[in-house]
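Q: Please take a close look at a single helix of this protein and at its surroundings. I should like the account to be set against the fold as a whole.

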Amino acid sequence: MVDVDKCCMTCFPAAVLGGVAEPVGEVTDDIRRLADKMIDIMLEKRGVGLAGPQAGMNLRIFVASIDASREKTRVYIDPEIKVSGGLEISEEGCLSLPGIHAKIKRYKQCSVTATDLDGNRFTEVGEGVLIRAFQHEFDHLEGIMIKDRMGQVQMIGARKRLRQLREDFENAGGDEDR
Ligand SMILES: [Zn+2]
């Protein structure tokens, strides 16, 4: 049972961001509604990707758009990724960690196999920012965020901001109101 009304932008340190998300399985109307809401959130926040846990949903789904446009947005349900090509460092942000940017190592190539909104499996080879976005969003489904991939020095730099996010979260009611 998917409570789509609970779908909303969710930031660190919400518990849903730290766990391994559940498979979606059958693509129902609820899942299609959820995907629509996730796309709205992603576009409103001007992100190139958003994963289920970031929308407060403990589900293996993410949306991504190479140019942050609605036309190019695609939905990836129960995705698997395949990486290759060695590692490269580049700066990343995360809608669930506002105010934090970090240099993160990612593979240079990445393809994703996932289910679309009609229930069909498809494979897409990542291009441009999607190469990194696929790896970043897949991480979210495993409960991993960029703060977990930062080196020690970057972590020291981010500590104050993480403390602020924790305080904001507690002041907003913590995990209780979700
Ligand atoms: Zn993120």
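The answer below turns to the last helix, α4, and then to the rest of the chain.

A: The model is a predicted one. Helix α4 covers residues 152-171. Its 20 residues should span 28 Å at 1.5 Å a residue, and the end C-alpha atoms are indeed 28 Å apart, so expectation and model agree. The helix nevertheless has a kink of about 45°, centred on A158. Just beyond α4, G173 adopts a positive phi of about 110°.

As to its environment, α4 lies largely in the open, because one of its 20 residues is buried. For the protein chain overall, buried residues account for 36% of the 178 residues.

A residue from another part of the chain, I100, meets this helix. I100 sits in the loop between β3 and β4. I100 counts as buried because 20 other C-beta atoms lie within 10 Å, and the cut-off for burial is 20 or more. Apart from neighbours within four places in sequence, I100 is in contact with G93, C94, K147, A158 and R161. A158, one of these partners, is also the residue on which the kink is centred. The C-alpha atoms of I100 and G157 are 9.3 Å apart in space, although 57 residues separate the two in sequence.

Contacts between distant parts of the sequence also figure in the chain as a whole: among contacts joining residues at least 6 apart, 65% link residues at least 24 apart. The chain contains four helices and five strands, arranged from the N terminus as α-β-β-β-β-β-α-α-α. Its C-alpha atoms fill a box of roughly 45 × 40 × 25 Å along the principal axes. The radius of gyration is 16 Å, which agrees with the value near 16 Å for a compact globule of 178 residues.

The largest nonpolar core comprises 43 residues, and M38, L50, I61, V63, A64, Y76 and F134 have the most contacts inside it. Two or more residues of this core come from each of α1 (29-44), β1 (49-51), β2 (61-65), β3 (73-93), β4 (101-115) and α2 (129-141). In soluble globular proteins, nonpolar side chains tend to be buried together. I61 illustrates the contacts made by a core residue: leaving aside neighbours within four places in sequence, I61 is in contact with V24, A35, G52, V75, Y76 and I77. Y76, one of these partners, is itself among the core residues with the most contacts.

Methods. Residues are numbered from 1 along each chain as its sequence is written. This is a predicted model: local features need pLDDT of at least 70, side-chain atom pairs count only at pLDDT 80 or more; totals for chains, interfaces and linings use all residues. The radius of gyration is taken over C-alpha atoms; the globule rule is 2.2 Å times the number of residues to the power 0.38. A residue is buried if 20 or more other C-beta atoms lie within 10 Å of its own, exposed if 12 or fewer, and partly exposed in between; C-beta atoms are placed from the backbone. Two residues are in contact if their C-beta atoms, placed from the backbone, lie within 7 Å. The expected span of a helix is 1.5 Å times one less than its number of residues. The bend at a residue is the angle between axes fitted to the seven residues ending there and the seven starting there. A nonpolar core is a set of buried Ala, Val, Leu, Ile, Met, Phe, Trp, Tyr and Cys residues joined through C-beta atoms within 7 Å.
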